[in-house]
Amino acid sequence: MAFLPEDFELVFDIDYIFERIQPKPGETHFKFWVAQATLVFENVYDVEFDTDSYNGKLEIDSISREDARASHNVQSVDKEIEWHWIIECQEGEIRFRSVGYKQFIREAPRLGKTQAVDLKVRGFSFARNRAG
């Protein structure tokens with residue numbers, strides 16, 4: 001996660017789960033179609049972090065929005081509505097106001113036994129284009 005104050009962006013490097021596959025007869029574990037992605041919230045302000053991460057990880061459980069109102073910066077961002085966003089994590093919450101987000105899928109989804117791409121394989125990136 002990074003906050004880019006010069007661009008008023010809150011950026012996340014995430015593993016996006018496209019689909020959860022039920023175990024077939026005789027299997028006991030789910031499988032997941034997962035891809036690396038960049039999530040960019042735009043025109044962010046009033047950011048509040050209330051998280052406790054003991055291992056440096058942040059696992060997003062859900063993202064919701066509420067309290068729609070007229071954008072305070074409509075001339076600059078060309079969006080008329082902004083929201084109060086709440087990102088619920090296993091480690092706490094992140095709250096902020098934003099006009100919305102863009103998501104960039106950086107690779108083709110891969111089928112695996114876990115809900116994440118191994119950190120040793122994936123590294124960190126905030127790229128906004130698909131790799132190679």
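1. Helices and strands are counted here as DSSP runs, a helix needing at least four residues and a strand at least two, with numbering from the N terminus. On that basis the protein chain of this predicted model comes to two helices and nine strands. Read from the N terminus on, the order of these elements is β-β-β-β-β-α-β-β-β-β-α.

2. As to overall dimensions, the C-alpha trace of the protein chain spans about 55 × 35 × 30 Å along its principal axes. The accessible surface of the chain amounts to about 8800 Å², and carbon and sulfur atoms hold 49% of that area. Of the 132 residues, 30% count as buried.

3. On the contacts within the chain, if one takes those with a separation of 6 or more, 64% of them are accounted for by residues that stand 24 or more positions apart in the protein chain.

4. The charged side chains of the protein chain number 17 positive and 24 negative, and the centres of these two sets lie 9 Å apart.

5. A nonpolar patch on the surface deserves a separate point: Tyr-16, Phe-18, Trp-33 and Leu-111 form this patch, and together they have about 360 Å² of accessible area. One of the four, Leu-111, has its place in strand S9, which covers residues 110-112. Leu-111 counts as partly exposed because its relative accessibility is 44%, and partly exposed refers to the range between the buried limit of under 20% and the exposed limit of over 50%.

6. Turning to the backbone, Phe-8 has a positive phi of about 55°, although the residue is not a glycine. Phe-8 lies in the loop that runs between strand S1 (2-4) and strand S2 (9-21). The relative accessible area of Phe-8 is 46%, and therefore this residue is classed as partly exposed.

7. Asp-67, which is likewise a residue other than glycine, has a positive phi, with a value near 55°. The setting of Asp-67 is strand S5, made up of residues 60-70, whereas Phe-8 is placed in a loop. With a relative accessible area of 47%, Asp-67 is partly exposed.

8. For a check of the model by eye, the places to visit are the positive phi values at Phe-8 and at Asp-67, together with the nonpolar surface patch that includes Leu-111.

Technical notes: Residues are numbered from 1 along each chain as its sequence is written. This is a predicted model: local features need pLDDT of at least 70, side-chain atom pairs count only at pLDDT 80 or more; totals for chains, interfaces and linings use all residues. Side-chain values use heavy atoms; hydrogens and water are left out. Patches are made of residues with over 30% relative accessible area and no salt bridge: like charges are joined within 9 Å, nonpolar side chains (Val, Leu, Ile, Met, Phe, Trp, Tyr) within 5 Å. Accessible areas come from the Shrake-Rupley method with a 1.4 Å probe; for residues, only the protein chains shown count as cover. A salt bridge is a side-chain nitrogen of Lys or Arg within 4 Å of a carboxyl oxygen of Asp or Glu. Buried means under 20% relative accessible area, exposed over 50%, partly exposed in between (1.4 Å probe, protein chains only). Contact means heavy atoms within 4.5 Å. Lys and Arg count as positive and Asp and Glu as negative; His and the chain ends are not counted. The place of a charge is taken as NZ of Lys, CZ of Arg, CG of Asp or CD of Glu.
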